[in-house]
Amino acid sequence: MRTLVILLLGASVGAAALGAIWATHGSEAQQLEVRVSVERHQDGRVEIGLQQRDDDGAWDETQRPHYRFLAANAESGTVRYSSPVTFDLVTRAERITEAYRVQLAEAGRQRGAYFVRRFHQDDELTSLAPVLCLVDPNESVLGAICDGIGETFPAGVDVITSDDYSAIADELERRLLAGEVSQVMATSYQTLQTAVLARDHILENNPELPWTWIHYWFDPVDPRLPGDDDLFCVVSHGGRDFFWGLASETATFAAAALGINLRAASYSDVSEQADAIRQCVEDGAVSIATTLVSPDELAPAIAEARASGIPVLSFNSGAEAAGQVGSSFHIGLNDRRAGEIAGERFNEIGVAGTILCVVHEANNVGLQERCAGLASTYANGDVETQHYTAREAADAVLERYAEGDIAAVMALSDSVGVRTLVEQWPDPQIPLATFGFNLGFAKWVEEGKILFAIYDHPLVQSYLSVMGALLIDRMKLDPVTLFNGMTMLIDPQIADAEQMHRVTNALIPQEIQDRYLSGGEDGNEDTK
């Protein structure tokens, strides 16, 4: 049910503030925080408005009633009133719960219709006992399924709401012996297992009784929103390069969209990353997402989190080690396959000789997988893997080129100084390729200064890692057991000149394309 509050704004300028307003919905009280805006115009009139604070603490756009002005010559000592302003007090959590309840009720109606089809003879329907619906009070919203069944099943529904599973078993056994149950509907793992064991016990000792079907419906994910104080941590490696800048921004956007309290930070030192995981454990985090740049070094901290009952997922680097360190599941780029398709592309264009694979983080297992994948498919020479710090990488690659015998360069990030390489590369016949995306890469690939780029998708990885952190916290089963070390790997894609042209072209407004890039008469005119 939607609850509305109507506010009449007094136009007396002396009313400096409007206090908290409470609206009662059933037995619950909800708080709506609003404030009055007062603005004096140059003509002397005073304008009144009202703002409402969102759940995230931000103030909404000012709502202005139709009658909202106090004339400059208004009589003193007389209170004037604006027209009403209406606010909806239904919270985001209530909307989610109500939408879920509607979905469950419809599922119950469908299940009730299914029961009717099972007992399609009229004489059977009239003599049926009701469906016994078992509802765990911890999952009370699932009781909406029982309501739906009752709407379509002629014999109706009896509901038992309890988390005293022994009492549930006793009552179910009694009803089965008395023939008072036609079907059983369980709405949680616990009530399902209780019902199955109680029924089997009764049938074992009373084989003459008819078989009673037990159906179940439960959601492995808790649909309730997390608490405001629940801490979610995203702890990653990496420095201040473009990839992690985008990843950090996207994590913030994801947390805002999901409505969760997020702590996100990156560390260039693995020991600091491990310490950050331990700090999240100490601060009572409900879920942790982390990269596995160096699985062996991070494994002890992850083990401490799991021992404290905090689920951990991994993303970006370390897909192969995720299951070993106890990650619930892993989200990332398929680094091995990314290297393989790079090798295949070098083969296609006829590169022959040594390809230099430039690793900017020596202990990053994901980067090592890229170089290994490249070596596995490149057929016309060797792959030489060199580890440089990001700061020295461009100069070191140029020095290595000067030594001779380099047929191509594969950079694994823009942090190796790709701009410097493009600007100073002495031989355009020796191709440069890179991982990552930015507008500079797009332009250089389009112009042929870089042969191709492989998208590494920081936006997707970061957004999904935050969403995954929420998911594993909301799981009603142990996510490590349920997901069994599942990996979600992004299939890498090569972006060549044609692809980059589509990307950059899509960023230009159509009217500007028509004006400057159409090639027609208007496009060739000087603009005054």
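## Exercises: a nonpolar core and an open sheet

**Exercise 1.** Find which residues tryptophan 425 touches, leaving aside residues up to four places away in sequence.

*Solution.* Start at the side chain of Trp425 and look for contacts (heavy atoms within 4.5 Å). You should reach Val397, Leu398, Tyr401, Val409, Ile430 and Leu432.

Before going on, a note on the model: it is predicted, with local features needing pLDDT of at least 70 and side-chain atom pairs pLDDT 80 or more, while totals for chains, interfaces and linings use all residues. Residues are numbered from 1 along each chain as its sequence is written, and side-chain values use heavy atoms, without hydrogens and water.

**Exercise 2.** Work out which residues have the most contacts inside the largest nonpolar core, and which elements build it.

*Solution.* First, list the core's 27 residues; Val358, Val397, Val409, Val418 and Trp425 have the most contacts inside it. Next, assign elements: strands E17 (354-359) and E19 (406-411) and helices H12 (393-402), H13 (418-424) and H14 (439-447) each give two or more residues. Finally, H12 gives the most, with five residues.

Terms: such a core joins buried Ala, Val, Leu, Ile, Met, Phe, Trp, Tyr and Cys residues through side-chain atoms within 4.5 Å; buried means under 20% relative accessible area (1.4 Å probe, protein chains only). Helices (H or I, at least four residues) and strands (E, at least two) are DSSP runs, numbered from the N terminus.

**Exercise 3.** Trace the order of the four-stranded open sheet and explain why E9 and E11 each have one side without a neighbour.

*Solution.* The order is E9-E8-E10-E11, with parallel pairing (at least two DSSP bridges between two strands). E9 (157-161) and E11 (213-216) are at the edges with a single partner strand each, so one side of each lacks a neighbour in the sheet.

Conventions
Buried < 20%, exposed > 50% of the residue type's maximum accessible area, 1.4 Å probe, protein only.
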